[in-house]
Amino acid sequence: MRFKRINASSNARLMKALIDNDMTYQELADHVGLHYLTVARFMRELHKHKVIHVCEWRKDARGCASAKVWSFGEAKDAKKPAPLGRTRMRIARARQAQVA
């Protein structure tokens, strides 16, 4: 896929997508056809000016809450869940011990 620079048309599509749905950076990039980093830079500016906010955190394939879900409107950002850290290591070691 060939990526485009942000212009008035892609700006309008980004804003419409945010108004209609809550989306992550990657979902917005795929929807509009822009590069992930271009969307991230644009979203950072919208967030700085309080046009959008983080409404939730989505878990990735490993179970880590790492993807911000953006929503249109001024509201307080959702808190990022605490990392699992040592708990995850204990679970992994317990599984290994059961296998052995």
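## Exercises on a predicted model

H53 lies in strand β1. Strands here are DSSP runs of E with at least two residues, helices are runs of H or I with at least four, and both are numbered from the N terminus. The model is predicted, with local features needing pLDDT of at least 70 and side-chain atom pairs counting only at pLDDT 80 or more, while totals for chains, interfaces and linings use all residues. Residues are numbered from 1 along each chain as its sequence is written, and side-chain values use heavy atoms, with hydrogens and water left out.

**Exercise 1. State whether H53 is buried or exposed, and list what it touches.**

Step 1. Fix the classes. Buried means under 20% relative accessible area, exposed means over 50%, and partly exposed lies in between (1.4 Å probe, protein chains only).

Step 2. Apply them. H53 has 10% relative accessibility, so it counts as buried.

Step 3. List the contacts, meaning heavy atoms within 4.5 Å. Residues up to four places away in sequence are not counted. H53 then touches H47, V69, W70, S71, F72, G73, E74, A75, K76 and D77.

**Exercise 2. Lay out the elements of the protein chain and its totals.**

Step 1. Count the elements. The protein chain has 4 helices and 2 strands.

Step 2. Order them. From the N terminus on, the run is α-α-α-β-β-α.

Step 3. Take the burial total. Of the 100 residues in the protein chain, 26% are buried.

Step 4. Take the surface total. The accessible surface of the protein chain is about 7500 Å², and carbon and sulfur atoms hold 54% of that surface. Areas come from the Shrake-Rupley method with a 1.4 Å probe, and for residues only the protein chains shown count as cover.

Step 5. Check the sequence range of the contacts. Consider contacts in the protein chain between residues at least 6 apart in sequence: 42% of them join residues at least 24 apart.

**Exercise 3. Find the 3 salt bridges, and place each pair.**

Step 1. Set the criterion. A salt bridge is a side-chain nitrogen of Lys or Arg within 4 Å of a carboxyl oxygen of Asp or Glu.

Step 2. Start in helix α1 (residues 8–20), which holds both K16 and D20. Their side chains meet at 2.7 Å, N to O. The two residues are 4 apart, about one turn of the helix. K16 is exposed at 51% relative accessible area. D20 is partly exposed at 47%.

Step 3. Move to E27 and R58, whose side chains also form a salt bridge, at 2.7 Å from N to O. E27 is in helix α2 (residues 25–32) and R58 is in strand β1 (residues 52–59), so this pair ties together parts 31 residues apart in sequence. E27 is partly exposed at 32%. R58 is partly exposed at 27%.

Step 4. Finish in helix α3, where K48 and E45 lie 3 residues apart, about one turn of the helix. Their closest N and O atoms are 3.6 Å apart. K48 is exposed at 56%. E45 is partly exposed at 38%.

**Exercise 4. Identify the residues of the positive surface patch, then relate K80 to W57 and S66.**

Step 1. Define the patch. Its residues have over 30% relative accessible area and no salt bridge; like charges are joined within 9 Å, and nonpolar side chains (Val, Leu, Ile, Met, Phe, Trp, Tyr) within 5 Å. Lys and Arg count as positive, Asp and Glu as negative, and His and the chain ends are not counted. Each charge is placed at NZ of Lys, CZ of Arg, CG of Asp or CD of Glu.

Step 2. Name the members. They are R41, R44, K68 and K80. R44 sits in helix α3 (residues 36–48).

Step 3. Compare K80 with W57 in strand β1. The pair is 23 residues apart in sequence and 6.5 Å apart in space, C-alpha to C-alpha. W57 counts as buried at 17% relative accessibility.

Step 4. Repeat for S66, in strand β2 (residues 65–72). S66 and K80 are 14 residues apart along the chain, with 8.2 Å between their C-alpha atoms. S66 is partly exposed at 42%. Leaving out residues up to four places away in sequence, S66 touches W57, R58 and D60.

**Exercise 5. Describe the backbone and setting of K50.**

Step 1. Locate it. K50 is in the loop between α3 and β1.

Step 2. Read the backbone angle. Phi of K50 is near 60°, a positive value in a residue other than glycine.

Step 3. Classify the residue. K50 counts as exposed at 53% relative accessibility.
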